[in-house]
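Student: I've got a model open and I'd like to learn how to read it feature by feature. Can we go through it together?

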Amino acid sequence: MEWLVKAAEQGMTKAQYTLGWNYGNQYGNYNEALKWMEKAAEKDYTLALLALANVYRQVYQDSDRAFEIYESLEDNAIAQYGLAICYNQGLGTEADFDIAMEYLNESAEQGYALAITDLGNYYFQGGDHNQAMELFEKAADLGFPTAQIMIGRMYENGWGVNKSIRKAKKWYAKAERQGVSLQQMQQYQQQQ
């Protein structure tokens, strides 16, 4: 951290972003995180802008500012995902499910695993298990543990596939090797 501070104070954009990320994600100091992210964002550093939008939306509940940043980067897959959330929940804009789905599809088409998984969840909840499985497999191939757990759940319960506890355990194990367990995911879903 000492060297990051020195580099950030000298105006190195990536160091400013990394320092902000560390303050927010490792230390929970969002005021310091915001300060350094803003410095990097002033130089149009895309990762800093995206992180800043997430901090505004999730920590400071400043949906208007988050929406403005996402919109300025609307060709970016992560920003498109952020816009999908904003339109779906009416954060910083009027809620519009159709526009939310357009952005979610655009983000997924660019290969953003979280968007692919969420799109899979929409199909899953709508009863189209074949389309859901196809999307979960695509995200799982990108190494996304949530998608791997969803595939495991589908095999465990026989949703759209032949029930197979062996295959379910295989997919759960893949996710656990990345630090995400079925139990953690279920707790997260309950909190949401």
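Student: Where does Y60 lie relative to helix 4 and helix 5?

Tutor: This is a predicted model, so keep that in mind throughout. Y60 lies in the loop that links helix 4 (46-58) to helix 5 (63-72).

Student: Is Y60 buried, partly exposed or exposed?

Tutor: Here you go by relative accessibility: under 20% is buried, over 50% is exposed, and anything in between is partly exposed. Y60 comes out at 32%, so it counts as partly exposed.

Student: Which residues form a nonpolar patch with Y60 on the surface?

Tutor: Y60 joins Y30 and V59 there, and the three together have about 230 Å² of accessible area.

Student: Let's turn to the backbone. What is the usual sign of phi?

Tutor: Most residues other than glycine have a negative phi. With that in mind, look at Q61: its phi is positive, about 55°, and it is not a glycine. Q61 sits in the loop between helix 4 and helix 5.

Student: And is Q61 buried or exposed?

Tutor: Its relative accessibility is 56%, and Q61 therefore counts as exposed.

Student: What about phi of D44?

Tutor: D44 has a positive phi too, near 60°, and it is also a residue other than glycine. You'll find D44 in the loop between helix 3 (30-41) and helix 4. At 59% relative accessibility, D44 counts as exposed because the cut-off is over 50%.

Student: Zooming out, how many helices and strands does the protein chain have?

Tutor: Twelve helices and zero strands. Read along the sequence, the pattern is just α repeated: α-α-α-α-α-α-α-α-α-α-α-α.

Student: How do I get a feel for the overall dimensions and burial?

Tutor: For dimensions, take the C-alpha trace along its principal axes: it spans about 60 × 40 × 30 Å. For burial, look at the share of buried residues, which is 43% of the 192 residues in the protein chain.

Student: What share of the contacts joins residues at least 24 apart?

Tutor: Start from contacts between residues at least 6 apart in sequence; 38% of those join residues at least 24 apart.

Student: Last topic, the surface and the charges. What do carbon and sulfur atoms supply?

Tutor: The protein chain exposes about 10800 Å², and carbon and sulfur atoms supply 44% of that. For charges, you can compare the mean position of each sign: the 16 positive and 25 negative charges have mean positions 14 Å apart.

Technical notes: Residues numbered from 1 in each chain as written. Predicted model: local features only at pLDDT ≥ 70, side-chain atom pairs only at ≥ 80, totals over all residues. Heavy atoms only, no water. Helix = DSSP H or I, 4+ residues; strand = E, 2+ residues; numbered from the N terminus. Buried < 20%, exposed > 50% of the residue type's maximum accessible area, 1.4 Å probe, protein only. Contact = heavy atoms within 4.5 Å. Areas by Shrake-Rupley, 256 points an atom, 1.4 Å probe, with all protein chains shown as cover. Lys, Arg positive; Asp, Glu negative; His and termini not counted. Charge placed at Lys NZ, Arg CZ, Asp CG, Glu CD. Patch = residues over 30% accessible without salt bridge, like charges linked within 9 Å, V, L, I, M, F, W, Y side chains within 5 Å. Salt bridge = Lys/Arg side-chain N within 4 Å of Asp/Glu carboxyl O.
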